[in-house]
Amino acid sequence: MAKNLVIVESPAKAKTIEKYLGKDFKVMSSFGHIRDLPKTDAIDIENGFEPKYIISADKAKVVSDLKKTAANSEKVWLASDEDREGEAIAWHLYDTLKLNDSNTERIVFHEITKNAILKAIENPRKIDKNLVDAQQARRILDRLVGFELSPVLWRKIKVGLSAGRVQSVSVRLIVEKEREVQAHESAFSFKVVAEFKNEAGLLFKADLPKNFDTEAEANTFLEECNGSDFAIKTLQQKPGKRSPAAPFTTSTLQQEASRKLGFSVAQTMRVAQQLYESGAITYMRTDSVNLSDEALKGARVQIENAYGPEFHQLRKYKSKAKGAQEAHEAIRPTNFGVVEGSGDRNQMRLYQLIWKRTVASQMADAQIERTTAEISVSRSKKLLVAKGEVIKFEGFIKAYLEGTDDEEVEEANALPALRENEKLALQKITATQRFSRPPARYTEASLVKKLEELGIGRPSTYAPTISTIQKRGYVEKSQLLGTEREYSQLILQKNNIKKTLLKEITGADKNKMMPTDIGIVVNDYLVDHFQQIMDYQFTAQVEEEFDRIAEGEIKWQKVLHDFYSDFHTRVEEATEQEGKVTGERQLGTHPESGQQVIARIGRYGPMVQVGESGDEENPPKFASIPAGGSITSITLDEALDLFQLPKTVGQFKGEDLVVAIGRFGPYVKYGDMFVSLDRGEDPMSVDLARAQELVEAKIAADAPIAEYEGLPVQKGVGRFGPFLKWNNIFINVNKKYDFDNLSKADIAELIEDKKKKEREKVIHNWAEEGIRVEKARWGRFNILKGKTKIEMPKTWEAASATLDEVKAIVEKNAPKKKKAAPRKKTTAKKK
């Protein structure tokens, strides 16, 4: 038995650390938190908000193994992450395993390298109870908010809803942004751009600094330019510089990975975690931009070797984030000599982004020469302006240039050599109608940036918050196709002014954060009844209180008491109020029945209703609003159309063709076949010919492309890309294969590989009982019986599980049968 036990929270981290320590050390993983608050009766409010922690069932064996090993070790080292969450994990381990101060040490490190681990062993400390209290206060306060506020939403709006302190404020930001977008009234103007050749015959562009408000004004200016002489009136050249951005924090890494790599916030953190645990980068949850002396030295050596001494410039950055408190260094490579990185494709891409950003932060400014030329028009008082930039010294741009979220930014191009009074030859002038744009919706990354600016949340909370509001159905990613719009363009060329009408798509938006109908209704209710919870400043103030707890300036019980007393009173007041909140919106009256038509939130989501509930003579009719529609924007005509569905448009080969709207949008039903309409296609416009076209295309797509072992092979394209279907098994087809021209050998190889993987993932197969145990994603396991699937944690000892043990788990997780409601006795009504 090893003398020393080191406990970390991740098995990958344990594997890396074990390489650096000798045979006297055994490294084990706690697999995250070993205990948590139970679902009910978790906090004793009367006893100073005392939490009642329990060990979750899937961690019982982990705790047992850790206890045994700790009892036989001379010393225990708690080596969880260095932030508040990590400190809390260390404290829970200390308390649960009944460890002693005399032989227990707390060690922290912000990178998993041999030097960092050995240095941490040489400099242990005790558990920082202030950090633990700060994490505990956040956990308890968030539980109180969710536990008391969610039932109010169930009662007032819809069962199954939830509220949270940070998540609800995040939804508010998105709802308010959407209202700004919807309230935007587009105005147009005419932008003038001219193309010239200088005396050397080189082409460049210039424009008018101010747009024209009307087409008539733009046309007048073009008429003035027709036949005019053009010359350089003034020429200014000024030196300028650009400086590099600071090294990455959690927030800036999430933003830049979104811009440059297309990663979601959750994906960025998942890949960064893998890089950290493999020892490639420093700790990835931080709001510090500081670099250690060792890192500064490593960057300098790499810059001077790769680019030259003139490219290096020592820089020390200071954090501007509110309450910066997580780790003590920016996210950076642990070894600057490793340029490309290793691992899978996403790990290498993110590593290279981190490497370039860190190296660039220690490089010299880029030296730029900015040129501005004013161009006179002989028949007009207005001046055209040409601007250009020339990079004289690349500096940090040689390694990296930060991205931007501003879609309006135009890069300045270099101008040819010009001189004052130089005559110019006009090639053409265009005056193009341009429409003002609404405010940009939030991306995941820009929402993180906004939360950070407001001081809401901390590095460890951004990704889970954004994931939660999407999982809850309050926010979704936009898939707006936009609509076609005409715009006009005036062109002066060869002494002739010509007007043309062009078309563009407006309103298209993809992968932006948009509130759902239920998100808007919940937000409005919370803003009306719980102003304090939904207030940005208050939410940021609570974060500052957590920071003060972490610094030992204030007791965590006081923070909870001050918050809870007023909050609980408001919950009780809201509970006592009668009536449901549905976000009801009057659309008008039915043209035939005269009944009211409304859009509202129903039991199953957004819907339209004709008539009033309780009207026995004319009972109300209901129709679901399909995906892409909204109670805030649906019109009366669109609502009435929904009541015409499902509709039969005709027959095809003896079977009815029925157009309808379902859970996943509009479709055509043909026998047992369901064919989705194209995205954005209006189901009311589908006639017999279109329905037949969709069905025939589906039949052709589903037709077997081959046969293997006597069974048909079909192919298609789903949400995860191209696939084959054989024997009710779906097989992904990767880029190694030419999907449009699969050979028999390709098909056989794909099927056999899939069969092999299916065989390898089966751990137990008790066919007579109809029970199977299989490997699942992320190291977890699945127990399968019929249509029932039970997910088991990666800590479960699947290989040694017996049939009786598995049957007990299946019985425990079997859905409970509902008791039949007793029949009511009926009595004959008296006439």
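**Cavities and overall build of the chain**

A search of the whole structure, which is a predicted model, finds four cavities of 30 Å³ or more. This briefing looks at the second largest cavity, which holds about 40 Å³ of space, and then at the chain as a whole. The chain has 831 residues, and 45% of them are buried.

**The second largest cavity: lining residues**

- The residues that line the second largest cavity are S168, V171, Y474, V522, N523, L526 and M534.
- Sorted by class, five of the lining residues are nonpolar and two are polar.
- Charged residues are absent from this lining.

**The second largest cavity: helices that contribute**

- At least two lining residues come from helix 6, which spans 165–183.
- Helix 14, which spans 517–529, also supplies at least two.
- Helix 14 gives the largest share of the lining, with three residues.

**The whole chain: secondary structure and extent**

- The chain contains 21 helices and 34 strands.
- Along the principal axes, the C-alpha atoms fill a box of roughly 95 × 95 × 70 Å.

**The whole chain: contacts and surface**

- Taking contacts between residues at least 6 apart in sequence, 66% join residues that are at least 24 apart.
- About 45,500 Å² of the chain is exposed.
- Carbon and sulfur atoms supply 48% of that exposed area.

Terms used:
Residues numbered from 1 in each chain as written. Predicted model: local features only at pLDDT ≥ 70, side-chain atom pairs only at ≥ 80, totals over all residues. Heavy atoms only, no water. 1 Å grid on protein atoms, 1.4 Å probe; cavity = no way out; pocket = protein on both sides within 12 Å on 5 of 7 lines; lining within 4 Å. Points joined across faces, edges and corners; volume = space filled by probe spheres on them. Helix = DSSP H or I, 4+ residues; strand = E, 2+ residues; numbered from the N terminus. Nonpolar A, V, L, I, M, F, W, Y, C, P; charged D, E, K, R; others polar. Buried < 20%, exposed > 50% of the residue type's maximum accessible area, 1.4 Å probe, protein only. Contact = heavy atoms within 4.5 Å. Areas by Shrake-Rupley, 256 points an atom, 1.4 Å probe, with all protein chains shown as cover.
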